[in-house]
Amino acid sequence: QGLITSAVEVGQALTNLTGTLTLYNGLMQFVPKGNAEIVASPNFVPAAQELTVTELQTNFEQYESELVLVKNLTFTSTGTFAASKTYNTTDGSKTLVFRTNFGKADYIGTDIPTATKDITGIAIEYNGTAQLAARSLADFVDAAPITVGNPVFAPVAGSYADSVWVSLTSATAGATIYYTT
């Protein structure tokens with residue numbers, strides 16, 4: 001009881017699946033009463049819903065236990081992934097907890113990515129905190145580079161007899177401008 005022993009592949013359908021729905025630290029979970037039968041077809045993998053960190057955290061109940069995609073996440077720690085651990089990620093302004101919820105996933109024991117990633121995973125929860133749990137290494141995709149607009153200088157370039165205040169701005173939200181004097 002509580003175990004599905006059939007080797008189920010992503011996209012396969014199950015039939016004769018019985019069990020109970022329970023809450024575990026706020027997350028709805030299904031506890032099977034026995035094994036299920038695998039249906040030969042159709043093989044169907046749902047498309048991940050693309051969300052921002054803010055959307056996932058604000059409307060978590062709407063996405064609980066669903067496949068989601070959160071883009072432009074960077075892990076704030078280094079090392080290797082361990083099973084059943086949490087790691088903070090950031091989109092540059094908000095923090096999202098990533099959990100290694102699947103102890104036999106192929107990314108357990110691999111290096112935590114240092115590059116920005118688009119991560120597909122299951123939206124899970126622990127005591128009211130939204131979390132993201134990837135299923136495999138294939139769920140980590142290099143994020144597309146962000147194109148940043150040219151900075152705008154005010155006043156315009158030139159020679160000035162007196163000291164002036166200079167302003168540097170960018171139309172790209174969240175852009176950081178580095179300068180030297």
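This tour visits a hairpin, a surface patch, the nonpolar cores, a loop residue and the salt bridges in turn. The model is predicted, and residues are numbered from 1 along the chain.

**The hairpin of β2 and β3**

Begin by selecting residues 19–24, strand β2, together with residues 27–32, strand β3. The two strands run antiparallel and are joined by six bridges. They form a hairpin with two residues between them. Within the turn, select N25, which has a positive phi of about 50°. Then select Y24, whose bridge partner in β3 is L27.

**The nonpolar surface patch**

Next, keep the hairpin in view and select I4, V8, L14, L17, L21, L23, M28, F30 and I38. These residues form a nonpolar patch on the surface, with about 750 Å² of accessible area together. Strands β2 and β3 each supply at least two residues of the patch. For a member outside the hairpin, select I4, which is found in the segment before β1 (13–15). I4 counts as partly exposed, at 33% relative accessibility.

**The nonpolar cores**

Now turn to the interior and select L56, F75, F81, F98, I119 and F140, the residues with the most contacts inside the largest nonpolar core. That core has 22 residues. Two or more of its residues come from each of α1 (53–58), α2 (60–63), β6, β8 (95–99), β9 and β10 (129–133). Strand β6 gives the largest share, four residues.

Centre the view on F140. Leaving out residues up to four places away in sequence, F140 touches F75, F81, F98, Y107, P113, K117, D118, I119 and A134.

Apart from the largest core lies another, of five residues. To find it, select L27, I122, I124 and A133, which are among its members. L27 has already appeared on this tour, as the bridge partner of Y24.

**The loop between β8 and β9**

Select D111, which lies in the loop between β8 and β9. Is D111 buried or exposed? It is exposed, with a relative accessible area of 59%. Apart from its neighbours within four places in sequence, D111 is in contact with G79, T80 and F81. One of these, F81, also belongs to the residues with the most contacts inside the largest core. Add A82 to the selection: the C-alpha atoms of D111 and A82 are 9.8 Å apart, although 29 residues separate the two in sequence.

**The salt bridges**

The last stops are the salt bridges, of which the model has three. Side chains of opposite charge can pair when their charged atoms come close.

- Select K117 and D142, whose closest N and O atoms are 2.3 Å apart. K117 lies in strand β9 (residues 117–126) and D142 in strand β11 (residues 140–142), so this salt bridge ties together parts that are 25 residues apart in sequence. K117 counts as buried at 14% relative accessibility, whereas D142 is exposed at 53%.
- Select R135 and D139, whose side chains meet at 2.7 Å, N to O. D139 counts as buried because its relative accessibility is 5%, under the 20% limit. R135 is partly exposed, with a relative accessible area of 30%.
- Select K71 and E50, whose closest N and O atoms are 3.7 Å apart. This pair links distant parts of the chain, 21 residues apart: K71 is in strand β6 (residues 67–75) and E50 is in strand β5 (residues 49–51). K71 is partly exposed, with a relative accessible area of 36%.

Methods. This is a predicted model: local features need pLDDT of at least 70, side-chain atom pairs count only at pLDDT 80 or more; totals for chains, interfaces and linings use all residues. Side-chain values use heavy atoms; hydrogens and water are left out. A salt bridge is a side-chain nitrogen of Lys or Arg within 4 Å of a carboxyl oxygen of Asp or Glu. Buried means under 20% relative accessible area, exposed over 50%, partly exposed in between (1.4 Å probe, protein chains only). Patches are made of residues with over 30% relative accessible area and no salt bridge: like charges are joined within 9 Å, nonpolar side chains (Val, Leu, Ile, Met, Phe, Trp, Tyr) within 5 Å. Accessible areas come from the Shrake-Rupley method with a 1.4 Å probe; for residues, only the protein chains shown count as cover. A nonpolar core is a set of buried Ala, Val, Leu, Ile, Met, Phe, Trp, Tyr and Cys residues joined through side-chain atoms within 4.5 Å. Contact means heavy atoms within 4.5 Å. Two strands pair if DSSP finds at least two bridges between them.
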